[in-house]
Amino acid sequence: MDTITDHYETCQAGPKYRSLAEAIRKSIKDGTLEAGSKLPPVRDLAWQLKITPGTVARAYTVLTDEGSLIAEVGRGTFVAEERTASERLARLDQREVSWNRHHVAEETDLVSLFSPKVPDVGQVAMIQDAFSRLSNIENPQAYLNYPSRAAYRPVRESVLRWLEGTHLGPVSEEDLILIHGGQSGVMVVLQTVLRGRKPTVLVEELCYPGFRRAAQIMRADTLSVPMDKYGIIPDALDRICRQNEAQVLCTCPEVHNPTGIVTPIERREVIAKVAAKHNLYILEDDCYRMSGMAQGPSYRALAPELGWHVSSISKTVSPALRVGFLVAPRGRAQAMRRTAEHSFFGLARPLADVTQDLLSRPDLYQMVAEVRSIFAQYVRIAVNELGRFELTWHEDVPFLWLKLPEGWRGSAFAQAAESKGVHIRTAEEFAGRDDHAPHAVRISVNGQISLDSFSAAMQRLRHLLENPPEDMVV
């Protein structure tokens with residue numbers, strides 16, 4: 001370990017995981033690490049080097065992929081046996097070709113800023129390790145039975161820890177269920193609360209499109225509630241409730257998708273009172289909040305018998321797992337469980353076990369902090385390029401909301417951006433079919449492309465903003 005540490009101190013250039021990978025290569029090359037040598041456990045090396053376990057895991061993954069190391073489930077990571085010269089050259093040539101293809105594609109292909117993409121800071125290796133541990137499950141017979149609430153209690157308790165920074169009011173593991181991502185939670189809520197042949201669902205005038213899609217599946221009408229710079233306008237909500245028999249309001253007060261608005265506490269309190277007056281359920285989507293602590297109480301805390309809370313790990317860990325969490329209002333947990341059990345029985349047992357494994361690791365919380373830090377770097381680049389325009393942004397939110405300057409319409413700007421190799425979303429995609437949409441776009445952070453490529457994309461957008469087509473100038 002000492003030799004790796006010495007080499008690491010001399011390889012401090014670029015990302016830390018690359019520096020560590022190079023230090024291990026040097027240790028192998030100079031013979032300090034011989035073929036078959038076992039490398040230190042991830043946590044031990046991370047502590048020694050004062051870096052995150054995710055950084056070490058990512059370096060190990062890079063070296064395993066290139067063939068320098070071999071990872072053996074349950075035993076650890078070892079230095080690979082030396083290959084013949086021709087095999088090693090072939091491997092290096094392939095790496096060079098792959099690297100060139102990746103970076104050429106990054107610079108010439110369409111840069112997707114359509115939806116946020118999470119960078120890999122070691123969570124891929126952690127997920128792989130969590131799945132590998134399933135082979136050592138104490139009770140393998142559990143994989144022959146349907147999911148049960150009693151068996152999943154430890155998983156729900158780990159979820160409560162994950163949600164510690166959320167102001168939910170009094171809550172226990174009995175109040176929540178595991179769901180297949182945030183959208184699954186939206187569907188479970190609507191299936192549980194909607195009544196009648198043609199129910200009505202309220203949404204913000206600009207909102208997450210999944211709300212309208214879920215309402216459509218439930219054969220419900222949707223009505224849009226006007227907004228201002230603080231979110232939903234309480235007087236407008238009250239008026240619409242008096243004129244219509246709405247049953248649920250879908251909203252994102254912590255990180256509004258797509259505008260990035262954070263609804264102040266005072267406004268939330270008034271909205272909760274309006275909901276209580278009309279016996280209106282509030283479905284709060286909290287999937288985009290990445291910071292540890294919420295900026296205000298949830299609607300479940302403000303209206304304990306009306307507030308539903310949906311969250312997931314898609315935006316902070318990985319969307320591939322499709323794992324989310326739904327917390328019911330007081331007195332509605334049994335109805336929530338009944339809906340989930342009758343529609344999909346429950347999360348698959350292997351996925352539930354992996355979720356418990358991940359959420360129980362202190363390393364995961366360090367990785368999430370690293371994801372936030374990386375997203376912040378991209379956001380700062382965007383602000384540096386586009387800050388002179390009307391831009392809403394937060395360093396811990398993986399998208400920005402840009403109101404277009406005079407002369408640009410949303411759809412025309414998005415088409416022009418795509419012609420320059422940048423894919424973004426227009427305000428129209430977040431508005432109802434018959435609603436007015438502002439001339440604005442949402443720019444997402446793609447943490448899976450280089451900072452240089454992201455910066456180049458921002459420069460192309462800035463150039464378009466500064467040079468609208470002549471026939472569009474007003």
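**View 1. Three buried residues of helix 3.** Welcome to the first close-up: in helix 3 (residues 42-49), Leu45, Ala46 and Leu49 are buried, where buried means under 20% relative accessible area, exposed over 50% and partly exposed in between, with a 1.4 Å probe and protein chains only. They share the same side of helix 3, because the arc they cover around the axis is only 100 degrees; this arc is that of the directions from the helix axis to the C-beta atoms. As a rule, an α-helix has 3.6 residues a turn, so residues three or four places apart point the same way. Just after helix 3 comes Lys50, with a positive phi near 60 degrees. Helices (H or I, at least four residues) and strands (E, at least two) are DSSP runs, numbered from the N terminus.

*About the model.* This is a predicted model, in which local features need pLDDT of at least 70, side-chain atom pairs count only at pLDDT 80 or more, and totals for chains, interfaces and linings use all residues. Residues are numbered from 1 along each chain as its sequence is written, and side-chain values use heavy atoms, leaving out hydrogens and water.

**View 2. Helix 10 packs against helix 11.** The axes of helix 10 (residues 234-243) and helix 11 (residues 265-278) are 9 Å apart, at an angle of about 10 degrees. Helix 10 is therefore roughly parallel to helix 11; angles under 35 degrees count as roughly parallel, over 145 as roughly antiparallel, 65 to 115 as roughly perpendicular and the rest as oblique. Axes are lines fitted to C-alpha atoms, for helices over the stretch in contact, and angles run from 0 to 180 degrees between N-to-C directions. Look for Leu237 and Cys241 among the helix 10 residues that meet helix 11, whose partners include Val270 and Val274. Contact means heavy atoms within 4.5 Å.

**View 3. Thr263 in its loop.** Thr263 sits in the loop between strand 9 (246-251) and helix 11. Its relative accessibility is 6%, so Thr263 counts as buried. Leaving aside residues up to four places away in sequence, Thr263 touches Tyr230, Gly231, Pro253 and Arg268.

**View 4. An open sheet of 7 strands.** Here the strand order is 4-12-11-10-9-5-6, with mixed pairing. Strand 4 (176-179) and strand 6 (221-225) are the edge strands, each pairing on one side only. Two strands pair if DSSP finds at least two bridges between them. Strand 10 (residues 281-285) pairs with strand 11 (residues 307-312) in the parallel sense over 4 bridges, and Asp285 stands opposite Val310 in strand 11.
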